[in-house]
Amino acid sequence: MKPLRLELRGFTAFRETAVVEFGARRLFVITGPTGAGKSSLLDAITWALYGQVPRVGTATLQLITHGERSMAVRFDFTARGETYRVSRHAPATTGTRLERLTADGAWTPVSDRARDVTAQVTQILGLDYQTFTRTIVLPQGAFDSFLRGDEKGRRAILSRLLGLDTYEAVRRAAQARAKHDAELGDALNQLMARLTLAAPGTLQQLERECGQLETSAAAFAARRQSLAALRTLARAAEEAQRALDATSTAVADAASGLATAEHAGAQSAAALADTQQRRHALAAERTRLDYDVGQHQRLRERVATLRRRDAARTAAAAAVQALAEADTGQRRALDVVQRRHAQRSAAATALADAERALAAAAAGAEAVARRLRREAEEAESAREAAITAAAAGDRRAQALQSLATRAEEAARQQVATQQTAAKARRALATAERAHAATVRALHDAEATLVARREALDAARVRDAAAALRHVLKPGDPCPVCGEPLLRIPPAVAVDIDEASAACQHAERDAAAARAQQAESSTRLVRTTASAEHAQDALDAAIVRLTEIDAAVAAQRVERAQLAAAVAVATAEAAAARHAATAQQR
């Protein structure tokens, strides 16, 4: 940071406006007697930047010049290649603002709130208040205490100024961490001492045992394979045993079946014997009846032949009837086949015609569907475009209406603030004239008082001389020069009471004039603050109206045309919504 210009008024020793130019100097020294205000200049810079000073902190109202009601500081400086101006006013904070100098030589506002100004200055300088007062501006009296104090006191002051308490805190934290690490190391060493398996010899023994265990594991793996083979054989033996058990069951079942068969054979043998007996009985019966087997066979054959003849006749008659019916059915079938063939030809022709008509209808339907889809897509696109246009129109109408409202309000505020500022300026001019009149009246009253006091002193001297005339005679030494008096001058009448009364009257007039001057000073301070506040409000209103005019210009309209532009945008939005509704229908 490089200071350029400092202007202060009503700040400690600087009752009237004082200006310090730093811009043309690379190195400068502030000198002067005690109480001249050297430290006040540094305090003014610190207060302008951060709103507080080391000697009083944030209670900065103590810095107002005795007899004044307000103080103001304006500080210009450069930082990071930019030029800034910070202004503060107390007790009111309305005059606090931070501005930046642009390339065209104009001051652009950056912030107008006290807290925001402090934050912006901290960001611009890269230093907060504590760092600034410890590294850039050393508080008054701190260095003197450092030089005159004892070693412990100097160390404390140096630590406080340079922020060495941070390093002390870091040292304590490092010691605590080292202590914790040492305790942790001791605990780990004790734990390692208890871990006997971690000794080198133990590790080698464990490695040998691990090798032996690996060898045993390989042997166990081989035995495991052998056991797996034995298990397979055991499963095969179990399956063979199950097969043997099944065979045994089958043999038992076969033995049971054999016994059953033998029983059935015995029964069959008994039946055969019975049949043979019956056969012998029939043979005896045939012999007794003189039965001729050949004749019986011939009669059976003749009966069979007659039966075959009757069956053949019946089959022939049925065959003739079936042949007739088959002929009739064949003719009917031929007629049906011919009709079916004609119907099939007609159906094939109709099917071909129908397929051609269906193909043509499908092609036409597809074309119609494509046209309808295209028209629907176009209608949807038009509807979406209309909806978008309606939304854009609504947004533009709302934006223009908002700008119109803001512009109207800003214009009213500008007119009101102009009237207030003009009234405040007139009141300030009146207060300045009244203050000048009271200053002149006070000057006259004080001059009159001085004259009355001088007259009273002269009257007292003359009265004392008149009193001496009554006790002096020619030849006595003069009370003033000691020379012998040649003659005694005649006494002159002196009215001390009148001179004293005139002096008292002059003192009352001077006191009244001082009271009026103090009252006019207070009134002037208040009027000045009101005028500055009114001017700040007017500047803010002008800036606000300028910003609104820029926003209006961005909408490609003029402020006077905002109402018409709102109506046009509203009408366009309504037309777009109507078009979107029509497209949807």
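**Sheet, cores and a long C-terminal-side helix run**In the predicted model, Phe75 has Val86 of strand β4 as its bridge partner. This pair belongs to the hairpin region described next. Strand β3 (residues 71-79) and strand β4 (residues 82-90) are joined by nine bridges and pair in the antiparallel sense. Ala79 lies opposite Glu82 in β4. Two residues separate the strands of this hairpin, and Arg80 adopts a positive phi near 55°.

On pairing with strand β5 (residues 97-101), β4 again runs in the antiparallel sense, here over four bridges. Arg85 is placed opposite Glu99 in β5. Of the nine residues of β4, eight are buried, so the strand is largely enclosed by the rest of the structure.

These strands form part of an open sheet of six strands, with antiparallel pairing and the order β2-β1-β3-β4-β5-β6. The edges are occupied by β2 (18-21) and β6 (107-111); each has a single partner strand, so one side of each is left without a neighbour in the sheet. On average, neighbouring strands of the sheet are turned by 20° against each other, with direction ignored.

The largest nonpolar core comprises 33 residues, and Leu6, Leu8 and Leu49 are those with the most contacts inside it. Two or more residues are given to this core by each of β1 (2-9), α1 (38-50), β3, β4, α2 (114-125) and α3 (129-135). The most is given by α1, which provides seven residues. Strands β3 and β4, paired over nine bridges, are thus among the elements that give two or more residues to the core. For Leu8, when neighbours within four places in sequence are left aside, the residues in contact are Phe14, Glu16, Thr17, Ala18, Leu41, Ala44, Ala72 and Val73. A second core, separate from the largest, has 14 residues, including Leu400, Ile548, Ala565 and Val566.

Helix α9 (residues 496-554) consists of 59 residues. From its first C-alpha to its last, α9 reaches 85 Å, close to the 87 Å expected at 1.5 Å a residue. The helix is followed by Arg556, which has a positive phi near 60°.

How values were computed. Residues are numbered from 1 along each chain as its sequence is written. This is a predicted model: local features need pLDDT of at least 70, side-chain atom pairs count only at pLDDT 80 or more; totals for chains, interfaces and linings use all residues. Side-chain values use heavy atoms; hydrogens and water are left out. Two strands pair if DSSP finds at least two bridges between them. Axes are lines fitted to C-alpha atoms, for helices over the stretch in contact, and angles run from 0 to 180 degrees between N-to-C directions. The expected span of a helix is 1.5 Å times one less than its number of residues. A nonpolar core is a set of buried Ala, Val, Leu, Ile, Met, Phe, Trp, Tyr and Cys residues joined through side-chain atoms within 4.5 Å. Buried means under 20% relative accessible area, exposed over 50%, partly exposed in between (1.4 Å probe, protein chains only). Contact means heavy atoms within 4.5 Å.
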